[in-house]
Amino acid sequence: ANTGDSQTATVHTDVAAIPSVLVTDQFSNPVAGVSVTFAVASGGGSLSGASATTNAGGIATVGSWQLGDTAGANTLTAASTGLTTVTFNATGTAGSATSLAVNTGDSQSATVHTDVATAPSVLVTDLYGNPVAGVTVTFAVASGNGTGTNLSQTTDGSGIATAGSWQLGDTAGANTLTAAA
């Protein structure tokens with residue numbers, strides 16, 4: 001590997017440093033004219049310029065490498081006949097939050113003026129369904145005159161924010177808690 005290993009980028013975006021390899025002879029001299037084939041090995045994603053030839057400095061560079069849609073490990077290989085295959089590693093991170101959905105605690109029943117059994121929680125994800133950490137979620141009692149505790153929460157590493165508690169109101173019937181981010 002010459003450049004572009006061990007990077008981090010948002011899912012479905014190009015890595016900042018374009019991967020390249022250096023081909024040398026047994027005496028560490030650069031070798032020009034060697035065909036190198038780059039290929040996405042894991043994580044999905046795509047690339048351009050998969051077939052490259054080393055330049056006068058012995059360097060072959062892929063055109064671009066876009067990571068896959070799922071947060072986590074991505075790998076790209078560079079191979080040339082008779083030479084050791086080189087693997088480039090990159091970590092895809094979640095994009096910006098685009099979705100807020102019920103995770104747990106919906107459609108519960110409880111005695112008036114008591115807490116529901118399961119504290120309500122929501123899941124925040126990016127455009128590709130990856131959990132997004134660090135998003136502030138505000139829970140609020142919308143109907144039923146109940147109360148809650150710790151109603152402002154930040155999503156954890158799994159993209160989940162959980163209200164501290166939700167106590168239903170004093171009148172039997174529907175109660176509603178909302179979550180917004």
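This passage looks at three paired strands and then at one buried threonine in a predicted model.

Strand S9 (residues 86–93) is a handy place to start. Its side chains take turns: Val86, Phe88, Ala90 and Gly92 point to one face and are buried, while Thr87, Asn89, Thr91 and Thr93 point to the other and are not. In a regular strand, that kind of alternation between the two faces of the sheet is what one expects. Strand S1 (residues 7–10) follows suit, with Gln7 and Ala9 buried on one face and Thr8 and Thr10 pointing to the other, where they are not buried.

S1 and S9 run parallel and are joined by 4 bridges. Within this pairing, Thr8 sits opposite Thr91 of S9; neither Thr8 nor Thr91 is buried. S9 also pairs with strand S8 (residues 72–79), this time in the antiparallel sense and over 7 bridges. Here Gly72 stands opposite Gly92 in S9. S8 and S9 form a hairpin with 6 residues between the strands, and Gly82 has a positive phi near 85° in that hairpin.

Further along the chain, Thr155 lies in the loop between strand S14 (152–154) and strand S15 (160–162). Loop or not, Thr155 is buried, because its relative accessible area is 5%, under the 20% cut-off. As for polar partners, the Thr155 side chain reaches the backbone nitrogen of Val135 at 2.8 Å, and a polar atom of that side chain lies 3.0 Å from the backbone nitrogen of Gly134. Leaving aside neighbours within four places in sequence, the contacts of Thr155 include Val124, Val132, Ala133, Val137, Ile160 and Ala161.

Notes:
Residues numbered from 1 in each chain as written. Predicted model: local features only at pLDDT ≥ 70, side-chain atom pairs only at ≥ 80, totals over all residues. Heavy atoms only, no water. Helix = DSSP H or I, 4+ residues; strand = E, 2+ residues; numbered from the N terminus. Buried < 20%, exposed > 50% of the residue type's maximum accessible area, 1.4 Å probe, protein only. Polar contact = N/O pair within 3.5 Å; in protein donor to acceptor, adjacent residues only side chain to side chain. Contact = heavy atoms within 4.5 Å. Pairing = 2+ DSSP bridges.
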